[in-house]
Amino acid sequence: MEKSFYFEYAQKFFPQLVLSIVEKINERNKTRQTYMYKDLLTPDFSADGKWASILADYSRVAADVVSLDSELPLKKRDSLSTATGDIPKLGMKLYLTEKQMKDIDNMIAQGLSVNLIINKIFADTPRCLEGVWERIEDMFLSGLSTGVALSTRNNGTGIRLSYGYKDENQFGVAALWSSADAKVVDDIKRVMDKADEDSNTITDIWADDTWLNAFYTNQQAREQWAFINKFVGTSVPALDLDSATETLKKKFSITLHRINRKIKTEINGVRQSHKPWKDGTAVFTCDEKLGSLVWTTLAEKTRPVAGVVYQEADDFILLSKYAKNDPLQEFTSSQAMVVPVIDNVDRIYCMDSKTVQA
């Protein structure tokens, strides 16, 4: 690493620029809901670089009524265990070519607007920042829908984190939802009954388009909507997101959320999109917050390289600008040691509409 070719610009504008990018993207995401992990996970610092998910079987047992001066009876303690592992490192970098740097030099020589010059010098900063966010979202969505967070399509080592979802909370369906025999309301009720048996109250359901499209067209779901709305007629129309949301809210008192998220990755210059959410799956949750975004300090933060300009974002992302020669390149990089962790997995239930379960 060498001193940035635009060291003075980086020192002066990098901090404010990163802050404005974060604010701008977060403001945009208030309507687009691009990053679910930002809403559903609580940031949590790990001093030892480890993550841990608490797996607890809590049950409500009424206290005994005893006479005065009597000994209290001993109750069985709830079971408690943890899933744990090392926090992985995420990162990416982009660079300006010699041609791009010559163009910037010409802009500076011509005395063009400082804002135009800054936009060219720091054009890669938003991409490096969002690149880390995208990877976290990738892991979170795959982990929430399956209990195992995967991040296999990358240039480094694949990431696999198992949160320890309970087998008894994994549900299939009585008949494939793609078939005319499917009873989708009955399948959902089985999940609700299991949660009630566990003394858990399901508040939200998160489902992808495969699950939703099957629900929209199912005869039992349409009949349920017709009953709720006192629909008169023999031909009940297929549902949509609004009518499905209304049906589930009134029937089961749960809020429906549609998951339709693609993550774009690049390996060896080849870009490809994938959906991290397990196809045809719905996840039923009981809590407003589902876990933690666990992060730890990077080695380079405590051992900064001379001449490199650094700036932090979200406390855990370290952005840097530096140069190299042979060939001549100006780099922007991002790195973070962070992982999404889902807690209280005994309060999470999954339904796979593409798997028959007797």
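Reader: Which residues have the most contacts inside the largest nonpolar core?
Author: This is a predicted model. Its largest nonpolar core has 60 residues. Those with the most contacts inside this core are Phe140, Leu144 and Ile317.

Reader: Which helix gives the most to this core?
Author: The giver is a helix that spans residues 125-146. Nine of its residues go into the core. The helix is α5.

Reader: What does isoleucine 317 touch, leaving aside its neighbours within four places in sequence?
Author: Isoleucine 317 is in contact with Gln311 and Glu312. It also meets Ser334, Gln335 and Ala336. The list is completed by Leu129, Val132 and Trp133.

Reader: How many residues are in the second, separate core?
Author: This core includes Trp177, Val191, Phe284 and Cys286. Its count of residues is 33.

Reader: Is cysteine 286 buried or exposed?
Author: Buried means under 20% relative accessible area. Cysteine 286 has 8% relative accessibility, so it counts as buried.

Reader: How many disulfides are there?
Author: A disulfide is a covalent bond between the sulfur atoms of two cysteines. The rule applied here asks for a pair of cysteine sulfur atoms within 2.5 Å. By this rule the number of disulfides is zero.

Reader: In what order do the five strands of the open sheet stand?
Author: Strands of a sheet pair through backbone hydrogen bonds, either parallel or antiparallel. In this open sheet the pairing is mixed. The order is β7-β17-β12-β8-β9.

Reader: Which strands stand at the edges?
Author: An edge strand here has a single partner strand, so one side of it is left without a neighbour in the sheet. One such strand covers 170-173 and the other 255-259. They are β7 and β9.

Reader: In which sense do β8 and β9 pair, parallel or antiparallel?
Author: Strand β8 runs over residues 204-208. Isoleucine 205 stands opposite leucine 256 in β9. Aspartate 208 stands opposite isoleucine 259 in β9. Five bridges join the two strands, and the sense is parallel.

Reader: In which sense do β8 and β12 pair, parallel or antiparallel?
Author: Aspartate 204 stands opposite threonine 285 in β12. The two strands pair over four bridges, and the sense is antiparallel.

Reader: Which residues of β8 point the other way from Asp204, Trp206 and Asp208?
Author: In a regular strand the side chains alternate between the two faces of the sheet. In β8, five of the five residues are buried. Asp204, Trp206 and Asp208 point one way. Pointing the other way are Ile205 and Ala207.

Reader: How do α6 and α8 lie to each other?
Author: Helix α6 (residues 184-197) and helix α8 (residues 219-228) have axes 6 Å apart. They pack at an angle of about 85°. Angles of 65 to 115 degrees count as roughly perpendicular. The two helices are therefore roughly perpendicular to each other.

Reader: Which residues of α6 and α8 make the contact?
Author: Both helices contribute to the contact. From α6 come Val184, Val185 and Asp186. From α8 come Gln220, Ala221 and Gln224.

Reader: Is glycine 131 buried, partly exposed or exposed?
Author: Glycine 131 has its place in helix α5. Buried means under 20% and exposed over 50%. At 24% relative accessibility, glycine 131 counts as partly exposed.

Reader: What is the C-alpha to C-alpha separation of glycine 131 and methionine 92 in space?
Author: In sequence, glycine 131 and methionine 92 are 39 residues apart. In space, C-alpha to C-alpha, the separation is 7.1 Å.

How values were computed:
Residues numbered from 1 in each chain as written. Predicted model: local features only at pLDDT ≥ 70, side-chain atom pairs only at ≥ 80, totals over all residues. Heavy atoms only, no water. Core = buried A, V, L, I, M, F, W, Y, C linked by side-chain atoms within 4.5 Å. Buried < 20%, exposed > 50% of the residue type's maximum accessible area, 1.4 Å probe, protein only. Contact = heavy atoms within 4.5 Å. Pairing = 2+ DSSP bridges. Axes fitted to C-alpha atoms, helices over the stretch in contact; angles between N-to-C directions. Parallel < 35°, antiparallel > 145°, perpendicular 65-115°, else oblique.
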